[in-house]
Amino acid sequence: MRATSESQLEQFPELPPTQIPASAFDLVLPKPLLSGSQKTWSRYVAPDLAIICLNWLLLGAVALAFFGGLPGMLFLSPVSGSSPGSYLLGIATLHGALITLLGYTEGLYETPNASQQIPILAKSVLWATLVLCVGFELQGFPASLDFIAGMAAVLHFSTLYGWRKIELKRRLVTPREPRNVLVVGAGEIGRRIARHVENHPEEGRSIYGFLDDEAPLGNGVIGRSRDLARLARTGFIDDLILVGRHDHALTKTILAEARRLRLDVEIVPELFGQAVSGINRVANVPILCVHRERLPWAALVIKRFADVTGATAVLLALSPVLAFISLLIKLDSKGPVLYVAPRAGRKGRLFRCYKFRTMVSNADALKQSLRSRNERSTVLFKMAADPRVTRVGAVLRRYSLDELPQLWNVLKGEMSLVGPRPHPVDDFAAYQLQHLARLDVTPGLTGLWQVTARRDPSFERSIDLDREYIRAWSLRLDLRIVLKTFAVVLRGSGQ
């Protein structure tokens, strides 16, 4: 590196920061095509689009040579008199746009390592192909066209990944001129970033050194924050990475100086030792995510599917039984067949819970007068010999048949087949802070407490079991609870 004296630096005053006003293109064009992303577009997105289009044309050419066209599909009825070639190219362009845009949103072009791109590339190709197939179905194309799209997806993934491996090897053999990086902060995270850059020359970066106001000079630390302007000029710095916790005024000074020097700036905050897992924008304000809870979406979808299919099957199968129970209730006592009352659901949201009526019609009015005889501790109200229960109601409660109408709540999504039982509003109002954890999930028709400690009067015991269920939840646990529920119901242990 050529040495540059301070007098020489004074001959080249810094230019004011460039102000690029927002234009109509910024509002219309996709992000890969905006002015700040030409490198990404030319180096990654455009080649991907070209490869995808060539793949589709290759499929068409092979099919044309051996079968006279893609059998009964692409050349079946070209729209608006278009030629088979242009029709095929239109599908190729649409498929390529879907794959590259999905890939861009998933960070495909921000991950230079080809191996790390495999899952992102596979996801992008898969979902883009599914969307394309849905479009084919909506347009009434033959189902065999979906098979051709699947073949194209396999070809796209193979060629796009192969091109990335070839491009990676080319960059390692003939690396382009690296961008010099200056890191502000020589702590553990700053050192880790430096090691990563040094171990991945294919990313086209080179660590010039560290600036740190506290660490001793040497071992990569080449100056203090006040030396930024001098070192940026003498080291021909391109990128500045600001790492760790810094004084607010100092951070503002560094950012203003970096902008004046026209450096690309990246901020990697060290937030109480937590790693940053993503960046969102709220009201155009960047929010750095330090943790994102990983939800088992696939298992939750299966659980909901099981809820709907299970509730539907039971309602249809037991419809004669439900009608017979309704008749018995009407003959036994005055009042409606169903008891409908608000219950606390997920996140404390109230919903109308359905049960067969097992008590006299004015049971809620009598509840307060019976509070002194409550056999459950703290919040819940329960009596073994509740005088409000009717004769038919006692039988329904014993075998939990009064809960069957809640299958309608399950179909509506207000309840699940398995989960913590929903509590009445007055019980919910008496919750303490530690009790609210049970409302993190959808309430259930049956639960862990019902099959393990149904007659235990301790409310805290029921809460502990609900929290244990939430902590250890799995589809297998739900299945075990459902199977145990049948045994509990047959024993007639309800109250």
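Buried means under 20% relative accessible area, exposed means over 50%, and partly exposed lies in between. By that scale, Arg421 and Glu403 are both buried. This is a predicted model.

## Salt bridges

The whole structure holds 19 salt bridges. Three of them are set out below.

| Pair | N to O distance | Exposure |
|---|---|---|
| Arg260 and Glu257 | 2.7 Å | Arg260 partly exposed, 31%; Glu257 partly exposed, 21% |
| Lys347 and Asp440 | 3.5 Å | Lys347 partly exposed, 48%; Asp440 partly exposed, 37% |
| Arg421 and Glu403 | 2.9 Å | both buried |

Start with the buried pair. The side chains of Arg421 and Glu403 form a salt bridge, with N and O 2.9 Å apart. This pair links distant parts of the chain, 18 residues apart. Arg421 sits in the loop between strand E10 (416-418) and strand E11 (423-424). Glu403 sits in the loop between helix H13 (391-398) and helix H14 (406-412).

Next, a pair within one helix. Arg260 and Glu257 both belong to helix H9, which covers residues 248-260. They are three residues apart, about one turn of the helix. Their side chains meet at 2.7 Å, N to O. Why does Glu257 count as partly exposed? Its relative accessibility is 21%, and buried would require a value under 20%. Arg260 has a relative accessible area of 31%, so Arg260 is partly exposed too.

The third pair is Lys347 and Asp440, whose side chains meet at 3.5 Å, N to O. Which parts of the chain does this pair tie together? Lys347 lies in the loop between strand E8 (338-344) and strand E9 (350-356). Asp440 lies in the loop between helix H15 (425-429) and strand E12 (444-446). The pair therefore ties together parts that are 93 residues apart in sequence. Lys347 is partly exposed, at 48%. Asp440 is partly exposed as well, at 37%.

## Helix H10 against helix H11

Helix H10 (residues 297-317) packs on helix H11 (residues 319-332). Their axes are 4 Å apart and make an angle of about 60°. How is H10 placed relative to H11? At that angle H10 is oblique to H11, because roughly perpendicular starts at 65 degrees and roughly parallel ends under 35.

H10 brings Leu315, Leu316 and Ala317 to the contact. H11 brings Ser319, Pro320 and Leu322. By class, the contact has five nonpolar residues, one polar residue and no charged residues.

## A three-stranded sheet

Strands E9, E8 and E11 form an open sheet in the order E9-E8-E11. The pairing is antiparallel. Which strands are at the edges? They are E9 and E11, since each pairs on one side only. E8 and E11 run antiparallel and are joined by two bridges. Arg343 stands opposite Pro424 in E11.

## Lys123

Lys123 is found in helix H5, residues 117-138. Is Lys123 buried or partly exposed? Lys123 has 39% relative accessibility, so it counts as partly exposed. Lys123 and Glu106 are 17 residues apart in sequence. In space they are 8.9 Å apart, C-alpha to C-alpha.

Notes. Residues numbered from 1 in each chain as written. Predicted model: local features only at pLDDT ≥ 70, side-chain atom pairs only at ≥ 80, totals over all residues. Heavy atoms only, no water. Salt bridge = Lys/Arg side-chain N within 4 Å of Asp/Glu carboxyl O. Buried < 20%, exposed > 50% of the residue type's maximum accessible area, 1.4 Å probe, protein only. Axes fitted to C-alpha atoms, helices over the stretch in contact; angles between N-to-C directions. Parallel < 35°, antiparallel > 145°, perpendicular 65-115°, else oblique. Contact = heavy atoms within 4.5 Å. Nonpolar A, V, L, I, M, F, W, Y, C, P; charged D, E, K, R; others polar.
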